[in-house]
Amino acid sequence: MNPLPLPDRYSPRTIEDTGTVLTATPPAEETGRHSTVVLGELPLLRPPAGQAPPSKAGATVARTRRGLLAGAAVAFAEHGLKRTTMQHVASAAGVAKATLYNHFRTKDDVAGALLEAELVRLAGLAAGLPRERALLALAEEVGGHPVLRRLAQTEPEVLARLLQAADQGKVAQRLRSALFLDEDTAAVVLSWLVGLVLRPGTPEQRARQAATVARVAPGR
């Protein structure tokens, strides 16, 4: 099977030079604008309020980790999780394998960290958007995500295991904050998104589902 085409946002060079993780195309009514979500700007990687920003060494470690996860995205989309080796990840990230092992002990650790970072990134993507547009953006990202699509098509049991192991409480909390949802509704939205990972449907189906969820989801 040929690997799915991988967006430029997963280029390790792009990550190393700019920190960019996602380049999103805006809705039609916002033609002319171009939004970029930078992983370092998400709450996961921002220091808590009142805490000093990371030291230069800390920033370097965070940048290296982002580059490693970008390399993992490239390797997993190309080879799948089972066939990917730590050498594949290191090569895709442009680092020595020893550097990868300084951050992650096993391939499963890499995969879990990548999935959690992507789930949190998606929650950050919704911040500041009207609820229905935010839900549609999340649905489209999940439905077209190259790594998730590759795993869903070729290794669904592996993907299901990773989803179960992910810190979904943390992701639900991000969704609550981004979409102004109560706790129960955030959990329902997260379950819907996880369902789209495994069965994305068509863009038309995702749009209808997003509109329905937006109508029935009470806010805080």
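Reader: In which helix is the place of Arg206?

Author: This is a predicted model, and the position of Arg206 in it can be read from the helix assignment. The helix that holds Arg206 spans residues 203–216 and is α11.

Reader: Does Arg206 count as buried or exposed, and at what relative accessibility?

Author: The class follows from a cut-off, since a residue is called buried when its relative accessible area is under 20%. Arg206 therefore counts as buried, its relative accessibility being 6%.

Reader: Which residue lies 70 residues from Arg206 in sequence, and how far apart are the two in space, C-alpha to C-alpha?

Author: Leaving aside residues up to four places away in sequence, Arg206 touches Leu136, Ala139, Glu140, Gly143, Trp192, Leu196, Pro200 and Gly201. Among these is Leu136, which is 70 residues from Arg206 in sequence, while the C-alpha to C-alpha separation of Arg206 and Leu136 is 7.1 Å.

Reader: How are helices α9 and α10 oriented to each other?

Author: The axes of α9 (residues 168–179) and α10 (residues 183–198) come within 9 Å and cross at roughly 110°. Because angles of 65 to 115 degrees fall in one class, α9 is, relative to α10, roughly perpendicular.

Reader: How do the residues of the contact of α9 with α10 divide by character?

Author: On the α9 side the contact involves Gln168, Val171, Ala172, Leu175 and Arg176, which meet Glu183, Ala186, Val189, Leu190 and Leu193 of α10. By character, the residues of this contact are two charged, one polar and seven nonpolar.

Reader: What is the helix content of residues 85–104?

Author: An unreviewed UniProt entry lists residues 85–104 as "DNA-binding region". In the model the end C-alpha atoms of this span lie 13 Å apart, its strand content is 0%, and its helix content is 75%.

Definitions and conventions: Residues are numbered from 1 along each chain as its sequence is written. This is a predicted model: local features need pLDDT of at least 70, side-chain atom pairs count only at pLDDT 80 or more; totals for chains, interfaces and linings use all residues. Side-chain values use heavy atoms; hydrogens and water are left out. Axes are lines fitted to C-alpha atoms, for helices over the stretch in contact, and angles run from 0 to 180 degrees between N-to-C directions. Helices (H or I, at least four residues) and strands (E, at least two) are DSSP runs, numbered from the N terminus. Angles under 35 degrees count as roughly parallel, over 145 as roughly antiparallel, 65 to 115 as roughly perpendicular and the rest as oblique. Contact means heavy atoms within 4.5 Å. Ala, Val, Leu, Ile, Met, Phe, Trp, Tyr, Cys and Pro count as nonpolar, Asp, Glu, Lys and Arg as charged, and the others, Gly among them, as polar. UniProt positions are given in the numbering used here, feature names are shortened, and annotations may be inferred rather than shown by experiment. Buried means under 20% relative accessible area, exposed over 50%, partly exposed in between (1.4 Å probe, protein chains only).
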